[in-house]
Amino acid sequence: MNPFRNAASSTAPDPVQLALALRAQGRPQEALDALSIPNEFGADAYILRGDLQFELGRIEQAAETYLAVTEGDPDHVYAQGQLGLCLYRLNLWEAAASAFEVVIQTDPHRDEVRLQLADCHLRLKRFEAALACFDECWSEGSRRRALFGKAVALQLLRRLDEAEKLYERLLTIDPAAEEALANLIAMSMEVFELARVQKYSQRLLEINSRSAVALKGLALAAIERMDYTAAARYFHRALELEPEIMHQPAQPSDAVEYRISRKIFDNLEETRRKQKFKTARASNGAQPR
Amino acid sequence: MVDVKSAIARLGLSTTSSRPGAASQIEYLAWFSFPVTWTYINGPASESVSEVALKPRLASSLLTLSAIVPAPLSRSVAPLEVVGAADGIRPASSATRWEMMVPKMVRPPAKSVATLSPAAAPAPVAPAPVTRVLAQAATAKLPGQLTPSFTLHSAEDQFVARYWSQIVLAAIAIVALGCLIWGLSGPSPAARSAMSSTVNTANWSHQPALPAERSLTLYEPSRGEPDYRMEFSWVPDAAGVGWVFRTRDANNYYAAHLSLQQRGAAGVLMAEHFSVLAGAESAHSRKVIPLENAASLVKVQMVAAGSAFKLLLNDHPADSWTDARLNTGVFGFYDDGGRPPKVLALSLTFTGNAVSRTAMVQLP
């Protein structure tokens, strides 16, 4: 006889079955409540509990639940993967990477997990490790993202020529990959090649007319060639989309930064005023002197 | 002209702040930031071929986290962000051009089929506790690479291709027959030893203890173990959970107890430990521990290492003490008055003999 078992369980419905039924009815909270009673649960109940917590956005609790399963069975691939996802969502990159690594060790064919692991490596600034992860991706389903990831890793390793080639290759496959163009703009900014900044910004703007990155790139290229008319136009469009550009970044970051002085800013404002004035006069039918 | 072209920043190169001379004289009003981002890799897979998502495995047994069998979980309510799920939806805006790609045929090293395919493995007869195996040899490359063959089929190949299913069935039957014969002949002493270390449902003993009305439920395989780490989950209640360790006999043991003193959002736990030596129970050392959520499971861990004992609750140190009077002995639970504690997922890690081993222990 097991003295730890619940005597009441013989009459009450099985909490796991009840939880599954409630979940199927779209009642995840009640399903979770059904599993939150004192009882002796197996790994399946823990997994279900973790999934429900995950669905309900209780990521920390879900992580604890999956962790309980993985502590009992470190090779539980699903629990490890979900634990990794939770930790990733909690910005615990190191711990998430560890969980993903366990999954990869158990099942090396999981490119989705490999991509997540590579993402963690990038955030941990382990660019070589990230590059290796992206290199190991083999599936067709991950090809574009691995290609993009490789380009990012190479860019962060300052192997810029190789990175640019990969971005271009990706853009051949997926011309709508805005982020590739945005990173190419950042790369061009890093070496301050204005012609490339202009080129990639223009391409990005053709894909997305509301891309703040493209507008900023075009604005600064125009500023550099002292075309304040174009610069003012792009600058104010960028400002509408990203008002934060008027605030100094609170946190230091690794991002390439281009700052605009009061003198340039006043030039842009003056140019804009003149443009507005001209436009107003033109619309009123007055002839400029 | 722009006053500062701070097109430098990353990887140890100086940012704008590294130019204090220029920066201190110029007033800036706008900042263009160009970060390198990589959200694309977490976006939906836009390729047409998707990977097969691994289904979660469900355990078939209560009280242990082992004996997993594959079974699907309903995921119809909300799109869960499942690892391994890759869709094949192509963005509508993607006017994809063609690019000639050479298929990458070399896969990463794989584990053997037996470990990857639970369905192919023989089903466990009984829910067996899991012995934790430390992941090692992570870099070991197994010969799991697939090499495509472009040769024409020989006659033998055609035979295999035509009758492969029958061949597989015959192989399975032969293996099953072999296992049956092997099983009837009895396992080797080594195998018996391995079994005894994993299948331990009958490893609990019950005995009355002093003081009167106390009974001990002891996990016999821990007898002789000096050091161990015990872990279980517990639903906090007023009756609490009590456990014994370094139990020499019914009159000599250490004990600890946890109970819920106050329910609600700001729950309070009482942790106590004491010893019984020659039948005499010592004074209880008590400690009040605030609990964030009295409604949820509490992970209880206790480490016994030499004369030092540590109690952790939800991975946070809760209490520690030393006592050198009992050096070795059995782990178990105690109850005063027949109310068994409600504990889940008990695991024990024995650390005293140089090699650490962990067992998920089925409760008695």
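In which sense does strand β7 (residues 241–249) of chain B pair with β15(B), and over how many bridges? The sense is antiparallel, and the bridges number four. This report starts from that pairing and then turns to the two chains, a pocket and some individual residues. The model is predicted.

**Strand β15 of chain B**

Strand β15 spans residues 330–336 of chain B. Six of its seven residues are buried, so the strand is largely enclosed by the rest of the structure. "Buried" here means under 20% relative accessible area.

Two pairings of β15(B) can be traced. One is with β7(B), the antiparallel pairing just described. Within it, B:V244 has B:G332 as its bridge partner in β15(B). The other is with strand β5 (residues 214–219) of chain B. This pairing is antiparallel too, and it runs over six bridges. Here B:R214 is bridged to B:D336 of β15(B). In a regular strand, side chains alternate between the two faces of the sheet.

**The two chains**

The chains differ in make-up. Chain A holds 15 helices and one strand. Chain B holds four helices and 17 strands. The table sets out further values for each chain.

| Property | Chain A | Chain B |
|---|---|---|
| Residues; share buried | 289 residues; 56% buried | 364 residues; 37% buried |
| Contacts with a separation of 6 or more: share from residues 24 or more positions apart | 46% | 57% |
| Exposed area; share from carbon and sulfur | about 12,200 Å²; 51% | about 20,200 Å²; 62% |
| Mean pLDDT; residues at 70 or more | 89; 94% | 61; 46% |

**Confidence**

The model scores ipTM 0.86 and pTM 0.49.

Which elements of chain A have the lowest and the highest mean pLDDT? Helix α15 (residues 262–283) of chain A is lowest, at 87. Helix α9 (residues 143–156) of chain A is highest, at 96. Residues 1–10 of chain A have pLDDT below 50. That stretch still has 21 contacts in the model beyond near neighbours in sequence.

In chain B, strand β3 (residues 68–70) has the lowest confidence, with a mean of 30. The highest is β7(B), at 91. Strand β7(B) is also one of the partners of β15(B). Two stretches of chain B have pLDDT below 50. For residues 1–23 of chain B, with pLDDT below 50, the model shows 57 contacts beyond near neighbours in sequence. For residues 183–201 of chain B, also below 50, the count is eleven.

**The second largest pocket**

Rolling a probe the size of a water molecule over the atoms shows where empty space is left. The second largest pocket holds about 960 Å³ of space. Its lining has 32 residues. Nearest its centre lie A:E64, B:S296, B:L297, B:V298 and B:N314.

Elements of both chains contribute to this lining. From chain A, α2 (28–34), α3 (43–55) and α4 (59–72) each supply at least two residues. From chain B, β11 (285–291), β12 (298–305) and β14 (316–322) each do likewise. Which element gives the most? Helix α4(A) does, with six residues.

**Individual residues of chain A**

A:P13 sits in the segment before α1 (15–24) of chain A. Is A:P13 buried or exposed? A:P13 has a relative accessible area of 58%, so the residue is exposed. The cut-off for exposed is over 50%. A:P13 and A:A34 are 21 residues apart in sequence. Their C-alpha atoms are 9.9 Å apart in space.

Two residues of chain A stand out by backbone angle. Most residues other than glycine have a negative phi. A:N91 is not a glycine, yet its phi is positive, near 60°. A:N91 lies in the loop between α5 (77–89) and α6 (93–106) of chain A. A:F192 is not a glycine either, and its phi is positive at about 55°. Its place is the loop between α11 (178–190) and α12 (194–207) of chain A.

Key
Residues are numbered from 1 along each chain as its sequence is written. Chains are lettered from A and ligands numbered from 1 in the order in which they are written. This is a predicted model: local features need pLDDT of at least 70, side-chain atom pairs count only at pLDDT 80 or more; totals for chains, interfaces and linings use all residues. Side-chain values use heavy atoms; hydrogens and water are left out. Buried means under 20% relative accessible area, exposed over 50%, partly exposed in between (1.4 Å probe, protein chains only). Two strands pair if DSSP finds at least two bridges between them. Contact means heavy atoms within 4.5 Å. Accessible areas come from the Shrake-Rupley method with a 1.4 Å probe; for residues, only the protein chains shown count as cover. pLDDT is the predictor's confidence in each residue, from 0 to 100. On a 1 Å grid over the protein atoms alone, a cavity is a set of points where a 1.4 Å probe fits but cannot get out, and a pocket is an open set with protein on both sides within 12 Å along at least five of seven lines; lining residues have an atom within 4 Å of a point. Grid points are joined across faces, edges and corners, and a volume is the space filled by probe spheres set on the points.
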